[in-house]
Structures are given as C-alpha cells and as structure tokens.
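The following exchange examines how the descriptive terms applied to a protein model are justified. Each reply sets a value against its definition.

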Amino acid sequence: MVQADESSFEINIHIAGSSRRLTVSPQETTDGAPYYVCLENQNQIAEVRKESNGDWVQLWGDLDEQSITAIGQAIDEKTP
C-alpha cells in the first residue's frame, strides 16, 4: 500500500453526493509516466492518470467517471 509522504497533498471533492477529503500521492511508472494514488482515511480508493488528450482515467479502483473527473480537476488545481 502507498503511504502519504512529503509530496502528498489533500483535495476536497464530491463523490456520490458527499463531500470527501482525499490524500493524493504522486507516483511514477517505471518508464516515468506520472499517476496519482488517492487515499481516504489511509485506504487506497483509486489510482488515476491524465492522458495526453487531457482526459483523466482510472487505473485502479471502482469510482464512476464523474468522480474521476472531479478528482482530476482537483489534482490539476494543486499541481503545476
């Protein structure tokens, strides 16, 4: 399991009609592609990545597309 570290940050989003605070931990694949592990109460709920076309996709987890888009927008606001 991925643990939050000094590069982690928090986002506030709405998932399934409720406000949630997630800890986002930036990670990198072996070939250097960035992705983000999303934790809620130290439990991993999703891994997301931004595609070259700007769309956010879920690599791991069980969230709907609207939730993934909300997570992606919040990550975009927090990252350069």
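Q: What makes the charges of the protein 5 positive and 14 negative, and how far apart are their mean positions?
A: Lys and Arg count as positive and Asp and Glu as negative, while His and the chain ends are not counted. With each charge placed at NZ of Lys, CZ of Arg, CG of Asp or CD of Glu, the mean positions of the two sets are 6 Å apart.

Q: What do the numbering and the values rest on?
A: Residues are numbered from 1 along each chain as its sequence is written, and side-chain values use heavy atoms, without hydrogens and water. The model is predicted: local features need pLDDT of at least 70, side-chain atom pairs count only at pLDDT 80 or more, and totals for chains, interfaces and linings use all residues.

Q: Which elements does the protein contain, and in what order?
A: Helices (H or I, at least four residues) and strands (E, at least two) are DSSP runs, numbered from the N terminus. The protein has one helix and five strands, in the order β-β-β-β-β-α.

Q: Why is the protein called as compact as a globular protein of its length?
A: The globule rule is 2.2 Å times the number of residues to the power 0.38, and the radius of gyration is taken over C-alpha atoms. The rule gives 12 Å for 80 residues and the radius of gyration of the protein is 12 Å, so the description applies.

Q: Why is Ser-8 called buried?
A: Buried means under 20% relative accessible area (1.4 Å probe, protein chains only). Ser-8 has 17%, and is therefore buried. This residue lies in the segment before strand E1 (9-15).

Technical notes
Buried < 20%, exposed > 50% of the residue type's maximum accessible area, 1.4 Å probe, protein only.
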